[in-house]
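Hi everyone, thanks for coming. Today I'd like to walk you through one structure, a few pieces at a time. Please have a look at it before I start.

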Amino acid sequence: MSANLNTTHWEHLSKQQRYDQVNSQVIGLIDHSVDEIANLANACALLKEAFGWWWIGFYRKVSNSLILGPFQGPVACTTIGFGKGVCGSSWKEGRTILVEDVESFPGHIACSAASKSEIVVPLWRKDGSFWGVIDVDSEHLAHFDAVDQIELEKFCRSLEIILS
Ligand code: SME
């Protein structure tokens with residue numbers, strides 16, 4: 001099955017309207033006939049189209065590390081350890097982490113000097129085991145807030161049905 005043609009005119013929508021569209025479209029975008037890589041690649045592209053953020057990507061847990069998965073944006077570090085950086089901390093603490101200023105986050109991993117703020121949301125499989133994280137970076141300080149947390153967590157809950 002091919003992806004839905006996305007004709008949304010995102011530029012006319014408020015942040016909440018974009019999230020409402022994104023969280024509705026992601027459900028229709030999921031293609032159960034293909035693997036999670038294909039679905040997560042489209043999920044990244046949907047967020048990129050809707051919000052234009054600097055970097056959006058998944059890191060999945062493989063053995064004792066987080067390994068780079070599908071993403072949109074500049075090249076990024078491939079491996080992140082447990083408890084390292086914002087992503088590894090989100091894994092360790094099992095919760096979303098919002099960072100208003102990456103320079104004030106101890107151990108932040110700077111994949112790109114342009115990244116100023118970020119939000120990392122953990123994803124779990126159906127059986128409750130930790131799968132990995134989604135990491136969203138902005139080139140603006142304090143770009144993400146409680147609305148982004150609520151809506152990106154909703155986005156992740158929709159994706160969790162296809163994680164293996
Ligand atoms: N900043 C992240 C690393 C991933 S890149 O930003 C894409 C961190 O500290 O975990």
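I'll start with some ground rules, then go through the helices, and finish with a few single residues.

What you see is a predicted model, where local features need pLDDT of at least 70 and side-chain atom pairs count only at pLDDT 80 or more, while totals for chains, interfaces and linings use all residues. Residues are numbered from 1 along each chain as its sequence is written, and side-chain values use heavy atoms, with hydrogens and water left out.

A word on names, too. Helices (H or I, at least four residues) and strands (E, at least two) are DSSP runs, numbered from the N terminus.

Let's begin with a pair of helices. Two packed helices are described by the angle between their axes and the distance between the axes. Here the pair is α1, residues 15-29, and α4, residues 146-159: their angle is about 5°, and their axes lie 9 Å apart. That makes α1 roughly parallel to α4. The axes are lines fitted to C-alpha atoms, for helices over the stretch in contact, with angles running from 0 to 180 degrees between N-to-C directions. On that scale, under 35 degrees counts as roughly parallel, over 145 as roughly antiparallel, 65 to 115 as roughly perpendicular, and the rest as oblique.

Which residues of α1 and α4 meet? From α1 we have K15, Q16, Y19, V22, N23, V26 and I27, and from α4 there are V147, D148, E151, L152, K154, F155, S158 and L159. Contact here means heavy atoms within 4.5 Å. The residues of this contact divide into eight nonpolar, three polar and four charged. In that split, Ala, Val, Leu, Ile, Met, Phe, Trp, Tyr, Cys and Pro count as nonpolar, Asp, Glu, Lys and Arg as charged, and the others, Gly among them, as polar.

Now let's check the helix lengths. The expected span is 1.5 Å times one less than the number of residues. α1 has 15 residues and reaches 20 Å from its first C-alpha to its last, close to the expected 21 Å. For α4, with 14 residues, the expected span is 20 Å, and its end C-alpha atoms are 20 Å apart, which agrees.

Next question: which residues of α4 are buried? They are D148, E151, L152, F155, C156, S158 and L159. Buried means under 20% relative accessible area, exposed means over 50%, and partly exposed is in between (1.4 Å probe, protein chains only). These buried residues cover an arc of only 155° around the axis, which puts them on the same side of α4. The arc is that of the directions from the helix axis to the C-beta atoms. On the other side of α4, A146 and I150 are exposed. And what covers the buried side? The cover includes α1, α2 (36-51), β1 (55-62), β5 (117-124) and β6 (130-138).

Back in α1, the buried residues are R18, Y19, V22, N23, Q25, V26 and L29, and they pack against α2 and α4.

Helix α3, residues 85-93, is a nice one to look at. Seven of its nine residues are buried, so α3 is largely enclosed by the rest of the structure. Those buried residues are G85, V86, C87, G88, S89, S90 and W91. They pack against β1, β2 (65-72), β3 (79-81), β4 (97-99), β5 and β6. Right after α3 comes G94, with a positive phi near 60°.

Now for the single residues. V136 sits in strand β6 and is buried, with a relative accessible area of 1%. Leaving aside neighbours within four places in sequence, V136 is in contact with W53, W55, I56, S117, E118, I119, F144 and L152. V136 and C44 are 92 residues apart along the chain, with their C-alpha atoms separated by 9.7 Å.

For contrast, find L141 in the loop between β6 and α4. At 53% relative accessibility, L141 counts as exposed. In the loop between β6 and α4 you will also find A142, which has a positive phi of about 50° although it is not a glycine.

Last stop: S63, in the loop between β1 and β2. S63 is not a glycine either, and its phi is positive, about 55°. At 56% relative accessibility, S63 counts as exposed.

That's my tour, so over to you for questions!
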